[in-house]
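Dear colleague,

I am passing on the structure below, together with an account of what turned up when I went through it. Please read the two side by side.

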Amino acid sequence: MMLDDTLFDFGFVFIVIIFVIIIGAIIYAIVSGISTWNKNNNSPILEVESKVVTKRMEISGGSGDSSAHTSYYVTFELVSGDRLELMVNGQQYGQLVEGDSGVLKFQGTRYLGFARSVA
């Protein structure tokens, strides 16, 4: 009888620990998202000459019956030589070509647009 109580206590504690970890991860993700959103809103909107250096996609999910999600990223090289990778949507990703030069408009880590220079 004593062994059954010990196993029950261990199982209960284990479930509570897992629950706390999951809730903690969810709270961290929410706070992190709000923090990034707030930081971007408080950043100045900048327009700088830049060049599209590279593009990449990141695919997550899609195993079994779950659907896949694709995130699109473009790396810009600014006239100062600094590089900045920004997340863009699929349409913007398709319109940008490596080697394009123009004016990049962004706010913090938020992509706002790219006006290609016609040479």
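A charge is taken to sit over a ring if NZ of Lys or CZ of Arg is within 6 Å of the ring centre and within 35 degrees of the ring normal. The charged end of arginine 56 meets that description, since it sits over the ring of tyrosine 73 at 4.2 Å from the centre. Lysine 55 lies over the face of tyrosine 93, where the distance from the ring centre is 4.3 Å. Please bear in mind throughout that this is a predicted model.

Overall architecture

The protein has two helices and five strands, and along the sequence they follow the pattern α-β-β-β-α-β-β. The C-alpha trace spans about 85 × 35 × 20 Å along its principal axes. The radius of gyration is 23 Å, whereas a compact globule of 119 residues would have one near 14 Å. Buried residues make up 19% of the 119 residues. Of the contacts with a separation of 6 or more, 45% come from residues 24 or more positions apart.

Strand pairing

Strand E1 (residues 45–61) pairs with strand E4 (residues 101–107) in the antiparallel sense, over seven bridges. Strands E4 and E5 also run antiparallel, and six bridges join them; one of the residues involved is lysine 105, whose bridge partner in E5 is glycine 113. E4 and E5 form a hairpin with two residues between them, and glycine 108, which is in the turn, has a positive phi of about 65 degrees.

Which residue in E4 is the bridge partner of lysine 51? That partner is serine 101, and lysine 51 itself is found in strand E1. With 43% relative accessibility, lysine 51 counts as partly exposed. If its neighbours within four places in sequence are left aside, lysine 51 is in contact with Thr75, Phe76, Glu77, Gly99, Asp100 and Ser101, so that its bridge partner also appears in this list of contacts. The C-alpha atoms of lysine 51 and valine 16, which are 35 residues apart along the chain, are separated by 51 Å.

Aromatic residues

A search of the whole structure finds three aromatic pairs, and two of them share a residue, phenylalanine 76. The rings of phenylalanine 76 and tyrosine 111 have centres 6.1 Å apart and planes at 15 degrees, and the pair is therefore stacked, given that planes under 30 degrees apart count as stacked. This pair links distant parts of the chain, with phenylalanine 76 in strand E2 and tyrosine 111 in strand E5 (residues 110–116), 35 residues apart. Both phenylalanine 76 and tyrosine 111 are buried.

Is the pair of phenylalanine 76 and phenylalanine 114 stacked or tilted? The ring centres lie 5.6 Å apart and the planes are at 35 degrees, so this pair is tilted. Here too distant parts of the chain are linked, with phenylalanine 76 in strand E2 and phenylalanine 114 in strand E5, 38 residues apart. Phenylalanine 114 is buried, as is phenylalanine 76. Phe76, Tyr111 and Phe114 form one aromatic cluster.

Two buried polar residues

Serine 71 lies in strand E2 (residues 68–78) and counts as buried because its relative accessibility is 11%. The side chain of serine 71 makes a polar contact of 3.5 Å with the side chain of histidine 69. Beyond its neighbours within four places in sequence, serine 71 is in contact with Arg56, Met57, Glu58 and Met87; among these, Arg56 is the residue whose charged end sits over the ring of tyrosine 73. Serine 71 and tyrosine 93 are 22 residues apart in sequence, and their C-alpha atoms are 9.8 Å apart in space; tyrosine 93 is the residue whose ring face has lysine 55 over it.

Asparagine 40 lies in helix H1 (residues 2–42). Its relative accessibility is 7%, and asparagine 40 therefore counts as buried. Leaving aside neighbours within four places in sequence, asparagine 40 is in contact with Gln107, Gly108, Thr109 and Arg110. Gly108 is the residue with positive phi in the turn of the hairpin formed by E4 and E5.

With best wishes

Technical notes:
Residues numbered from 1 in each chain as written. Predicted model: local features only at pLDDT ≥ 70, side-chain atom pairs only at ≥ 80, totals over all residues. Heavy atoms only, no water. Helix = DSSP H or I, 4+ residues; strand = E, 2+ residues; numbered from the N terminus. Buried < 20%, exposed > 50% of the residue type's maximum accessible area, 1.4 Å probe, protein only. Contact = heavy atoms within 4.5 Å. Polar contact = N/O pair within 3.5 Å; in protein donor to acceptor, adjacent residues only side chain to side chain. Phe/Tyr/Trp six-rings, centres within 6.5 Å; stacked < 30°, edge-to-face > 60°. Pairing = 2+ DSSP bridges. Rg over C-alpha atoms; globule rule 2.2 N^0.38 Å.
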